[in-house]
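Trainee: Got a minute to go through this one with me? I'd like to start with the charged pairs and then wander a bit.
Mentor: Sure, pull it up.

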Amino acid sequence: MVEALRKIDWYRLRGHNGYADELPRLLKQARTSVEPHEELVGLLTGEESEVSEATAAAWPFLLELVAHDNTPSREWLLENLCGAIAVAGGSGSDGVHPSWPPAFEASKPALLALLDHSSAGVRRGVLFVLGKGRGDSAPVLPALTRRWEEETDPATRLCLVLVATEFAGRGDEAAVSWLRELDVPDDEPLSRLLVSAATRPDADVILRALTGDLELFLATGSFEMGYDEVLEHVLWLVGPKDFDGMDLVLALVDVLPWRTEALDYLRRLFERDTTDVGLVVPFVPVWIADPDVRLRAFAVWLVGVARAREYRDLVAERVHDHSVTSLGQKVSTLATSVLLDLG
């Protein structure tokens, strides 16, 4: 590392908070100490869609640190630094320096070699980086196949599928073919969910997996993944394909663990575009009388967004509903506001 660092004119490279002349010192210190970690994060990461020239130059040295068994807190580096850089690099924004894509592609052999590491945490971290950084899938998919045949850790097996769906979800036909040919055992329903969502959406397969135990799914990402992120990911994969994502969301409204996420998704969708709101308005009479305050409040809000005056009397009945939502809003207050807006 030391000799390779000397070959780069760091004084000419800019990081995210100034010139990168401190990078060689920090990278060398990181071989034996966690002290420079926060400084490295500050210098090498910026906005979620930005990668600097200095970051691209430092990338192979970061992977060298991660690959070395004696590097302190290397999983922290992999998750909090390499993972963040990969997310930004894979964004495709104008803030990504032109030197990043070739630097990332050149690093894939080193990343793929780490898929054989003894630590499942390292393997999952590397898979996260590969999925978010993306680029060319050609060298990645064969490595995923080999790892799939050997991997025994359930969360890491799920991560292997997640990587392929990241490629497939952005139109990579080779990744779609890889997923279609993948032999997923019956006892891995979450992997089946992802394959179904990314290739030939099947409502029953998706619903069975989403309504099951999601603890495994939530444990796979290097970054913490919650129920809402899982739903967003699955709906992103489904997209405008054979199976309508709206039907999936409406089905999940009836599943208690997913109700809040499904309603939040619909709310955000209709706040951006009310084109499909008519598909949901017929549920107003049922939802507005439901014992669950979440459904009652959403139904009242929906009448206002859709300007569905035919349900004005049902909203008027909620003027005396003083139940409070998780956001601290009374249904009665919301109903009064909607009635005034409808005129």
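Trainee: Which kind of contact do the side chains of Asp-321 and Arg-296 meet in?
Mentor: They meet in a salt bridge, 2.7 Å from N to O. Keep in mind that this is a predicted model.
Trainee: Where do Asp-321 and Arg-296 sit in the chain?
Mentor: Asp-321 is in the loop between helix H19 (312–316) and helix H20 (331–342), while Arg-296 is in helix H18 (residues 293–306). The two are 25 residues apart, and the pair links distant parts of the chain.
Trainee: And is Asp-321 buried or exposed?
Mentor: Buried, with a relative accessible area of 8%. Arg-296 counts as buried too, at 8% relative accessibility.
Trainee: What about Arg-307 and Asp-341, how do their side chains meet?
Mentor: In another salt bridge, at 3.0 Å from N to O. Arg-307 lies in the loop between H18 and H19 and Asp-341 in helix H20, so this pair ties together parts that are 34 residues apart in sequence.
Trainee: How accessible is Arg-307?
Mentor: Arg-307 is partly exposed, with a relative accessible area of 36%. Asp-341 comes out at 44% relative accessibility, so Asp-341 counts as partly exposed as well.
Trainee: How many salt bridges does a search of the whole structure find?
Mentor: The search finds 22. One of them joins Glu-151 and Arg-123, with the closest N and O atoms 2.8 Å apart.
Trainee: Which parts does the Glu-151 and Arg-123 pair tie together?
Mentor: Glu-151 lies in the loop between helix H8 (140–150) and helix H9 (154–168), and Arg-123 in helix H7 (residues 120–133), so the pair connects parts 28 residues apart in sequence. Glu-151 and Arg-123 are both buried.
Trainee: Which residues are linked with Glu-151 in a network of salt bridges?
Mentor: The network takes in Asp-116, Arg-123, Arg-146, Arg-147 and Glu-150 along with Glu-151.
Trainee: Okay, switching to rings. How many aromatic pairs does the search find?
Mentor: Six in the whole structure. Trp-59 and Trp-100 form an edge-to-face pair, with 5.0 Å centre to centre and 80 degrees between the planes.
Trainee: Which helices do Trp-59 and Trp-100 lie in?
Mentor: Trp-59 is in helix H4 and Trp-100 in helix H6 (residues 100–113), so the pair ties together parts that are 41 residues apart in sequence. Trp-59 is buried, with a relative accessible area of 0%, and Trp-100 counts as buried at 2% relative accessibility.
Trainee: Where does H4 bend?
Mentor: At Trp-59, by about 40 degrees. A proline, Pro-60, follows within four residues.
Trainee: How far does H4 reach from its first C-alpha to its last?
Mentor: Helix H4 (residues 53–67) reaches 22 Å with its 15 residues, close to the 21 Å expected at 1.5 Å a residue.
Trainee: How many residues of H4 are buried?
Mentor: Eleven of the 15, so to say mostly covered is fair. Among the buried ones are Trp-59, Phe-61, Leu-62 and Leu-63.
Trainee: Back to rings for a second. Which residues form one aromatic cluster?
Mentor: Phe-283, Trp-287, Phe-298 and Trp-301. The ring of Trp-301 also has the charged end of Arg-267 sitting over it, 4.7 Å from its centre.
Trainee: And what sits over the ring of Trp-148?
Mentor: The charged end of Arg-157, 3.8 Å from the ring centre.
Trainee: New topic, cysteines. How many disulfides does the search find?
Mentor: Zero in the whole structure.
Trainee: Why is there no bond for Cys-82?
Mentor: Because the closest cysteine sulfur, in Cys-159, is 16 Å from the sulfur of Cys-82, too far for a bond. Cys-82 is buried, with a relative accessible area of 1%, and Cys-159 is buried with a relative accessible area of 5%.
Trainee: Last bit, the overview. How many helices and strands does the protein have?
Mentor: 20 helices and two strands. The C-alpha atoms fill a box of roughly 75 × 45 × 30 Å along the principal axes.
Trainee: And what percentage of the residues count as buried?
Mentor: 51% of the 343 residues.

Conventions: Residues are numbered from 1 along each chain as its sequence is written. This is a predicted model: local features need pLDDT of at least 70, side-chain atom pairs count only at pLDDT 80 or more; totals for chains, interfaces and linings use all residues. Side-chain values use heavy atoms; hydrogens and water are left out. The expected span of a helix is 1.5 Å times one less than its number of residues. The bend at a residue is the angle between axes fitted to the seven residues ending there and the seven starting there. Buried means under 20% relative accessible area, exposed over 50%, partly exposed in between (1.4 Å probe, protein chains only). Rings of Phe, Tyr and Trp (its six-membered ring) pair if their centres lie within 6.5 Å; planes under 30 degrees apart count as stacked, over 60 as edge-to-face and the rest as tilted. A charge sits over a ring if NZ of Lys or CZ of Arg is within 6 Å of the ring centre and within 35 degrees of the ring normal. A salt bridge is a side-chain nitrogen of Lys or Arg within 4 Å of a carboxyl oxygen of Asp or Glu. A disulfide is a pair of cysteine sulfur atoms within 2.5 Å.
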